[in-house]
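These are my notebook entries on one protein chain. I set down what I looked up, in the order in which I looked.

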Amino acid sequence: MVNCVLFSLLFFLFIHSGVQSIKIQPQVLRSFKIQETQEVKSRGCSYTVKIKTSCYSVSYTRDMISLSFGDAYYNQVYVPRLDDHSSETFERCSSDTYKIQGPCMQRVCYLYLQRNGWDGWTPEYVKIYGPDSRTVTFYYGAPIPNGVWYGFDLCRTRGVGGSTAVDLKQENSSVSDV
């Protein structure tokens, strides 16, 4: 009897707790500024960035794709050009993986992509693997508007820090997910 009452009470609390799933959509950020860059110091960190192109995207793109991500302390990684038209990057239903060197961060909480061109490339998601093994995934699933920074800012507060010029090395271009 006590177990039944306890179960009923827990069930009632669960049903009426107001817990909801919130889906965050990417946003246009017209005032996004790239931080002034500093040289990468030997104690910088390495990030792996995996970008999955949607199966609803164009078959291939000639668009120029830029990326920026960072933390709440204004540490920022900026890559002005991820695309490489000679190596079949950003083809439909494919994944592209990059090794990027940049400043060490507490926790990546924002990511923006910029697309310049007429093809209308559509990413499915961007996954960032940090040096402390924290992985963050930003889901897009819709075409990126042309000529604007488009993405997510999940940082609650901003502190102090700086951005750093990055070394970019692409690995396993257009590896198809199975």
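I began with β10, where four of the five residues are buried, so that I note the strand as mostly covered. Buried here means under 20% relative accessible area, exposed means over 50%, and partly exposed lies in between, with a 1.4 Å probe and protein chains only. Strands and helices are DSSP runs numbered from the N terminus, a strand being E over at least two residues and a helix H or I over at least four.

The model is predicted: local features need pLDDT of at least 70, side-chain atom pairs count only at pLDDT 80 or more, and totals for chains, interfaces and linings use all residues. Residues are numbered from 1 along each chain as its sequence is written, and side-chain values use heavy atoms, with hydrogens and water left out.

**Entry: partners of β10**

I looked up which strands pair with β10, where pairing requires that DSSP finds at least two bridges between two strands. Strand β1 (residues 27-29) is antiparallel to β10, with three bridges between them. I found L29 bridged to W149 of β10. Strand β7 (residues 110-116) also runs antiparallel to β10, and five bridges join these two. In β10, G151 is the residue opposite Y112.

**Entry: β9 and its faces**

Strand β8 (residues 123-129) and β9 are antiparallel and joined by five bridges. I128 has V136 of β9 as its bridge partner. In a regular strand the side chains alternate between the two faces of the sheet. I sorted β9 accordingly: V136 and F138 make up its covered face, while T135, T137 and Y139 make up the uncovered one.

**Entry: aromatic pairs**

A pair of aromatic rings is described by the distance of the centres and the angle of the planes. I counted rings of Phe, Tyr and Trp (its six-membered ring) as paired if their centres lie within 6.5 Å; planes under 30 degrees apart are stacked, over 60 edge-to-face, and the rest tilted. By this rule I obtain nine aromatic pairs.

Why is the pair of Y110 and Y112 tilted? The ring planes stand at 45 degrees, with the centres 6.2 Å apart, so the pair of Y110 and Y112 is classed as tilted. Y110 is buried at 3% relative accessibility, and Y112 is buried at 5%.

The rings of Y140 and Y150 are likewise recorded as tilted, because their planes are at 45 degrees and their centres are 6.1 Å apart. Y140 sits in the loop between β9 (135-139) and β10 (149-153), whereas Y150 belongs to strand β10, so the pair ties together parts that are ten residues apart in sequence. I note Y140 as buried at 7% relative accessibility and Y150 as buried at 12%. Which residues form one aromatic cluster with Y140 and Y150? F138 and F152 complete that cluster.

**Entry: Q76**

Q76 lies in strand β5 (residues 76-79) and is buried, at 1% relative accessible area. Its side chain makes a polar contact of 3.1 Å with the side chain of Y110. I take a polar contact as a pair of N or O atoms within 3.5 Å; within protein, one must be able to donate a hydrogen and the other to accept it, and residues adjacent in sequence count only if both atoms are side-chain atoms. I also looked up M105, which is 29 residues from Q76 along the chain; the C-alpha atoms of the two are separated by 8.3 Å.

**Entry: positive phi**

Most residues other than glycine have a negative phi, and most peptide bonds are trans. I recorded F90 with a positive phi of about 60 degrees. F90 is in the loop between β5 and β6 (94-102) and is buried at 0% relative accessibility. C93 has a positive phi near 65 degrees and lies in the loop between β5 and β6. Is C93 buried or partly exposed? At 27% relative accessibility, I enter C93 as partly exposed.

**Entry: the whole chain**

I read one helix and twelve strands in the protein chain; from the N terminus, the helix precedes the strands. Of the 178 residues, 40% count as buried. Contact means heavy atoms within 4.5 Å. Among contacts between residues at least 6 apart in sequence, 79% join residues at least 24 apart. The chain exposes about 10,900 Å², by the Shrake-Rupley method with a 1.4 Å probe. Carbon and sulfur atoms supply 53% of this area.
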